[in-house]
Amino acid sequence: MPEPQRVVVMGQEYESKEKCYKALGITKKLVLRHMRETNCLFEEAAAYCYEKKRKKQFEFRGKITPVVKHMEWHRNMLH
């Protein structure tokens, strides 16, 4: 089995693409889709997916929370 390929995303070096996905909290599926749709490199796609994820988060009581989870919590509180 080949050795994992090191990647650099947003100036940070990762031992492999899998470790990059985990560290950035993004999925392989989203990165590969963005690469296919825009014909860009892995590093560009990973950075794009990470920034997109960050825009969907906000701070609530000192914790970073995804908007979707907060909306589900709020909806549950109303019922």
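Trainee: Is Cys40 buried or exposed?
Mentor: Cys40 is buried, at 17% relative accessible area. Buried here means under 20%, exposed means over 50%, and partly exposed is in between, with a 1.4 Å probe and protein chains only.

Trainee: Okay, and what kind of model is behind that?
Mentor: A predicted one, so to speak: local features need a pLDDT of at least 70, side-chain atom pairs count only at pLDDT 80 or more, and totals for chains, interfaces and linings use all residues. Residues are numbered from 1 along each chain as its sequence is written, and side-chain values use heavy atoms, with hydrogens and water left out.

Trainee: How many disulfides does the structure hold?
Mentor: Zero, taking a disulfide as a pair of cysteine sulfur atoms within 2.5 Å.

Trainee: Why is there no bond from the sulfur of Cys40 to the closest cysteine sulfur?
Mentor: Because that closest sulfur, in Cys49, is 8.2 Å away, which is too far for a bond.

Trainee: And Cys20, buried or exposed?
Mentor: Cys20 is buried, and its relative accessible area is 0%.

Trainee: Back to the neighbourhood of Cys40. Which residues does His34 touch?
Mentor: Leaving out residues up to four places away in sequence, His34 touches Asn39, Cys40, Ala45, Tyr48 and Cys49. A contact here is heavy atoms within 4.5 Å. Both cysteines of that 8.2 Å pair, Cys40 and Cys49, are on the list.

Trainee: Where is His34 found?
Mentor: In helix H2, which covers residues 28-38. His34 is also buried, with 15% relative accessible area.

Trainee: What about Asn39, where is its place?
Mentor: Asn39 is in the loop between H2 and helix H3 (42-55). Unlike buried His34, Asn39 counts as exposed, at 73% relative accessibility.

Trainee: What is phi of Asn39 like?
Mentor: Positive, near 55°, in a residue other than glycine. For background, most residues other than glycine have a negative phi.

Trainee: Ah, and what can you tell me about phi of Met10?
Mentor: Met10 has a positive phi of about 55° as well, and it is not a glycine. Met10 is in the loop between strand S1 (7-9) and strand S2 (12-14), and it is partly exposed, at 44% relative accessible area.

Trainee: Let's stay with the strands. Where is Glu13 found?
Mentor: Glu13 belongs to strand S2. Its contacts, with residues up to four places away in sequence not counted, are Arg6, Val7 and Val8. Glu13 is partly exposed, with 45% relative accessible area.

Trainee: Zooming out, how many helices and strands are in the protein chain?
Mentor: Four helices and four strands. They are DSSP runs numbered from the N terminus: H or I with at least four residues for helices, E with at least two for strands.

Trainee: What pattern does the protein chain follow along the sequence?
Mentor: β-β-α-α-α-β-β-α.

Trainee: And what share of the residues count as buried?
Mentor: Of the 79 residues in the protein chain, 22% do. His34 is one of the buried ones, and so is Cys20.

Trainee: How many of the contacts join residues at least 24 apart?
Mentor: That is 22% of the contacts between residues at least 6 apart in sequence.

Trainee: Last one: how much area does the protein chain expose?
Mentor: About 6,700 Å², with carbon and sulfur atoms supplying 54% of it. Accessible areas here come from the Shrake-Rupley method with a 1.4 Å probe, and for residues only the protein chains shown count as cover.
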